[in-house]
Amino acid sequence: MPNWTLAADDLEAEVTLSDAGELSLALRHGGRDVIAPSRLGLRAAHEDLSQGLAFEAITTGEIDDSYATVTGKRREHRYVAKEWTLSFTKRGHRLDLQVRISEQGVAYRYSVPWTGPVTVCEEVSEYVFPSSARAVLLPYDNGRCDYEEIHHHTSVADAEEVLYGCPALFEVGDVWVLVTESNLDATYAGSRLRFDGAAFRVDLPDSYVTTASPLVTPWRTMITGDLATIVESDLVTSLAEPSEVEDTLWINPGAAAWSWWSDGASASDAEAQRRWVDFAAAQGWPYLLVDAGWRADWIPELISYATERGVGIWLWSHWQHVDSEIEHREKLALWKEWGAVGVKIDFTESDGQDRMRWFDSILAATARLKLMVVFHGGTIPRGTERTWPHFMTAEAVKGAEWIKPKPGKEPLYPPTHYLSLVFTRNVQGPMDFTPCTFTAVREISAGFELALAVLFESGVQHFADSIEAYDSRPEVRRLLAEVPTAWDDTKLLSGDPTSHVVLARRRGDEWYVGAGFSGNARVATVSLDFLGDGTWTADVYRDGPVDRIIAETITVDVGGKVDVPVAANGGFTLRLRHGDSEATA
């Protein structure tokens, strides 16, 4: 059987063509078998391109791509990869398999040229992991395009035979693989993984997808390496199309106040929203999100009031209220005329191709109008923040919305829920969890809750608790007034999806470290080897008695260590900046 070994860095992808003309791909990392031979190909209406294929040609190339994003775990990116295109034919029809390998992982996609529109009836791509592999999987409800579930920590052998949402995380020996996709647009549909007991098969929500020739699928993406490689990866954005927006000066990440979580009725109360404007202004947050319930008779005046105080207003909308060109002109343009800076568009509940057409349309419309955008109640980003830099964040997560305070309510999220998201969903792209809800029904400590402001990346970070809750915690207000929402670098210092995470992020010359732990109280030690030379001042926000937070300032040296007491299911945050400071503890 013909086979091709495609290698770069520590990775080898072996593509094999069987005697029956069926393609497969196996993956090795550092000589270790990570993914067993897994089927490739698709079935199109004009030809079954999953079998009976014959090899025609192979070409090679190099990718060296530098680009910038407005948001993310870093804003300056460089993607260096080797690329191979293998061409196969069947009865005069062609399937091109394009494979890229970089130090972060392997990605492949198909291209199908034809004389007319190409219709894909089924994609047979799959991933076969050893049965002993550890798996972190997100159960997926097809009826609701539901990424709002809690991850299952299991093994491949014990995984249920159901649908799972991307991304999915696997550990084979000491190698981790995050399986996902990138660069989805209106020409295709979003995929899920259907486990059949042996393989995780790419599953499409539509009975078919169709587009003009040549059809080019999204990148099937396998981020591969240690956990630091996974968490720090920007492969999903690197595989996405370059920016469609030339002028990005109007796009500004930042923190937002949001009243709906603590008081749902407040969104329909103009006076309440003015109070929230005042709070955002006092806190130094650039935005306020006015959620469902606002009315046109008072929003323009509120926007004027907020603008005078340096606060930009975001407006909520159901996706069906802005799903046509006419509504783009009559609503989005009007909201822009009022002075709104962005829109939160909700209930986009589909991974289907038709909804992807809508996403392309609304992203283009909001870009023309210079309105930033947030998506809720729907799908994950797939490199969207590179192609459309005014896209700030998306939900697609079981966030704080589900743990609003209620007498007698039991905690819904185990600490591992928060940990899992750092290693899965937030690797995929910006995530609107709406963190730092100290009055939520939660198992994690106040220190862990505060650390979410660093652990979770989102271009607009909606801090969701009440004014009173923040006023009662002045040390929280201090940190949340300073913490960035877009970063220049991200480093995983330590972690595991079930036990803990210690994550460092840099903005300019300052570093922030967020940490969360599952289990018993302990003293955590953080090595500061990642810092530059000299002496540094560290503001430490750690667990205190009775679910409070203690804030203290110490002086540390590069290469030193910081020992931080941590409560049960606890955490902490460090803010590190150059220079000496008189220690307060």
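1. Pro214 sits in the loop between β19 (209–211) and β20 (215–216). In this predicted model, the peptide bond joining Ser213 and Pro214 is cis, with omega about -5°. Most peptide bonds are trans. Check this link when you look at the loop between β19 and β20.

2. A cis bond also runs from Cys166 to Pro167, with omega near 0°. Here the setting is a strand: Pro167 belongs to β15 (residues 163–172).

3. Next, backbone angles. Most residues other than glycine have a negative phi. Phe347 has a positive phi, near 60°. Phe347 is found in the loop between β25 (342–346) and α6 (353–369). Is Phe347 buried or exposed? Phe347 is partly exposed, because its relative accessibility is 38% and the partly exposed class runs between 20% and 50%.

4. Ala396 is another residue other than glycine with a positive phi, in this case near 50°. The loop between β27 (391–394) and α8 (415–423) holds Ala396. Ala396 counts as buried, because its relative accessibility is 3%, and buried means under 20%.

5. Helix α4 (residues 299–308) has a buried set: Ile299, Leu302, Ile303, Tyr305 and Ala306. These residues lie on the same side of α4, because they cover an arc of only 160° around the axis. The face turned away from that buried side carries Thr307 and Glu308, both exposed.

6. What do the buried residues of α4 pack against? Their partners are two helices and two strands by label: α3 (270–283), α5 (325–338), β23 (287–290) and β24 (312–318). Just after α4 comes Gly310, with a positive phi of about 75°.

7. Now the interior space. The structure has four cavities of 30 Å³ or more. The largest holds about 110 Å³ of space. Its lining numbers 17 residues, and those closest to the cavity centre are Lys73, Ser233, Asp234, Thr237 and Glu385.

8. Which helices each supply at least two residues of that lining? They are α2 (235–238) and α9 (425–428). By class, the lining of the largest cavity divides into nine polar, five charged and three nonpolar residues. Lys73, Asp234 and Glu385, among the residues closest to the centre, are of the charged class.

Methods
Residues are numbered from 1 along each chain as its sequence is written. This is a predicted model: local features need pLDDT of at least 70, side-chain atom pairs count only at pLDDT 80 or more; totals for chains, interfaces and linings use all residues. Side-chain values use heavy atoms; hydrogens and water are left out. Helices (H or I, at least four residues) and strands (E, at least two) are DSSP runs, numbered from the N terminus. Buried means under 20% relative accessible area, exposed over 50%, partly exposed in between (1.4 Å probe, protein chains only). The arc is that of the directions from the helix axis to the C-beta atoms. Contact means heavy atoms within 4.5 Å. On a 1 Å grid over the protein atoms alone, a cavity is a set of points where a 1.4 Å probe fits but cannot get out, and a pocket is an open set with protein on both sides within 12 Å along at least five of seven lines; lining residues have an atom within 4 Å of a point. Grid points are joined across faces, edges and corners, and a volume is the space filled by probe spheres set on the points.
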